[in-house]
Amino acid sequence: MVGVSQNTLAFWVSVISLAISLFSSVSADPDMLQDVCVADLASGVKVNGFACKATFNETDFFSDILAKPGLTNNSMGSLVTGANVMKIPGLNTLGVSISRIDYAPGGLNPPHTHPRATEMVFVLEGQLDVGFITTANVLVSKSIKKGEIFVFPRGLVHFQKNNGEVPAAVIAAFNSQLPGTQSIATTLFASNPTVPNNVLTMAFQVGTKEVEKIKSRLAPKK
Ligand SMILES: *[C@@H]1O[C@H](CO)[C@@H](O)[C@H](O)[C@H]1NC(C)=O
Ligand SMILES: *[C@@H]1O[C@H](CO)[C@@H](O)[C@H](O)[C@H]1NC(C)=O
């Protein structure tokens, strides 16, 4: 009987630890330990997130930066405006943020990933062709229009393109105070220092000339 109950105990311990490890691997930002922890963005103290300000007021929980459309007169024809902890210090430890993305006709929010968040977009105006690619290399894509929602799972490469003739805009919600963005093309072709040409020529199966052309096109404007 003792042997049986020890086996049963071992069974439940392994089930519970599996459940805990599954839970922690799918959760995003860590949970908060107090009501508020308004970010002290100027603090020299390094923690996971930001140190808390000693005093705060309503302005730390407010922003109007998404009220107006962002300027889309750039090479991609799109602009992401983030309302995250860098702009709203009160979001520190709360695990959420939003962005507004504006797209000129033909504008593209180029393929990118958010290492720390799943994203949901809600179309405010216009229409978009959107998609993400799974780790099995399957493209999951759809055309969406005003009032509709699409979800981009955490960490997966995704994009939005305005193939309409009028501007488009979305509100994007994230389960992180600072989702982080890695834009695939600029990550690989415009990093500092640069990724060696012989890595990129082999990875993309093209010549040095093509790699250098892309690097010069994507180089940060000085
Ligand atoms: C809120 O605090 C900031 C300093 O963090 C201060 O500049 C601002 O005047 C305060 N606002 C109000 C309404 O008290
Ligand atoms: C975009 O337009 C704004 C205002 O119309 C202007 O100030 C800015 O220089 C333009 N940017 C580019 C990259 O053309």
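This report describes the fold, the ligand shell, the salt bridges and a surface patch of one predicted protein model.

Residues are numbered from 1 along each chain as the sequence is written, while chains are lettered from A and ligands numbered from 1 in the order of writing. Because the model is predicted, local features need pLDDT of at least 70 and side-chain atom pairs count only at pLDDT 80 or more, whereas totals for chains, interfaces and linings use all residues; side-chain values rest on heavy atoms, with hydrogens and water left out.

## Fold and burial

The protein contains four helices and 10 strands, where helices (H or I, at least four residues) and strands (E, at least two) are DSSP runs numbered from the N terminus. Along the sequence, these elements follow the pattern α-β-β-β-β-β-β-β-β-β-β-α-α-α. Of the 222 residues, 31% are buried; buried means under 20% relative accessible area, exposed over 50%, and partly exposed in between (1.4 Å probe, protein chains only).

Strand β1 includes S78, which is buried at 8% relative accessibility. A polar atom of the S78 side chain lies 2.9 Å from the backbone oxygen of L108. This pair falls under the heading of polar contacts (N or O atoms within 3.5 Å; within protein, one must be able to donate a hydrogen and the other to accept it, and residues adjacent in sequence count only if both atoms are side-chain atoms).

## Ligand 1

Which residues lie around ligand 1? They are K53, N57, E58 and T59, a residue being near a molecule if one of its heavy atoms lies within 4 Å of it. Taken alone, ligand 1 exposes 360 Å², of which the protein buries 32%; accessible areas come from the Shrake-Rupley method with a 1.4 Å probe, and for residues only the protein chains shown count as cover. The shell holds no nonpolar, two polar and two charged residues. In this classification Ala, Val, Leu, Ile, Met, Phe, Trp, Tyr, Cys and Pro are nonpolar, Asp, Glu, Lys and Arg are charged, and the others, Gly among them, are polar. From N57, a polar side-chain atom lies 2.5 Å from an oxygen atom of ligand 1.

## Salt bridges

The model has four salt bridges, each defined by a side-chain nitrogen of Lys or Arg within 4 Å of a carboxyl oxygen of Asp or Glu. Among them are the following pairs.

| Pair | N to O distance |
|---|---|
| D60 and K53 | 2.9 Å |
| K146 and E125 | 3.4 Å |
| E148 and K145 | 2.9 Å |

In the first row, D60 is buried at 7% relative accessible area, whereas its partner K53 is partly exposed at 29%. K53 also belongs to the residues around ligand 1.

For the second row, K146 lies in the loop between β6 (139–145) and β7 (149–152) and E125 in strand β4 (residues 119–125), so the pair ties together parts that are 21 residues apart in sequence. K146 is exposed, with a relative accessible area of 51%, while E125 is partly exposed at 41%.

In the third row, E148 is partly exposed at 27% relative accessibility, and K145 is partly exposed at 47%.

## Nonpolar surface patch

M32, V36, F56, F61, L94 and V96 form a nonpolar patch on the surface, with about 460 Å² of accessible area together. Patches consist of residues with over 30% relative accessible area and no salt bridge; like charges are joined within 9 Å, and nonpolar side chains (Val, Leu, Ile, Met, Phe, Trp, Tyr) within 5 Å. One of the members, F56, is partly exposed, with a relative accessible area of 43%. F56 lies in the loop between α1 (2–26) and β1 (78–83).
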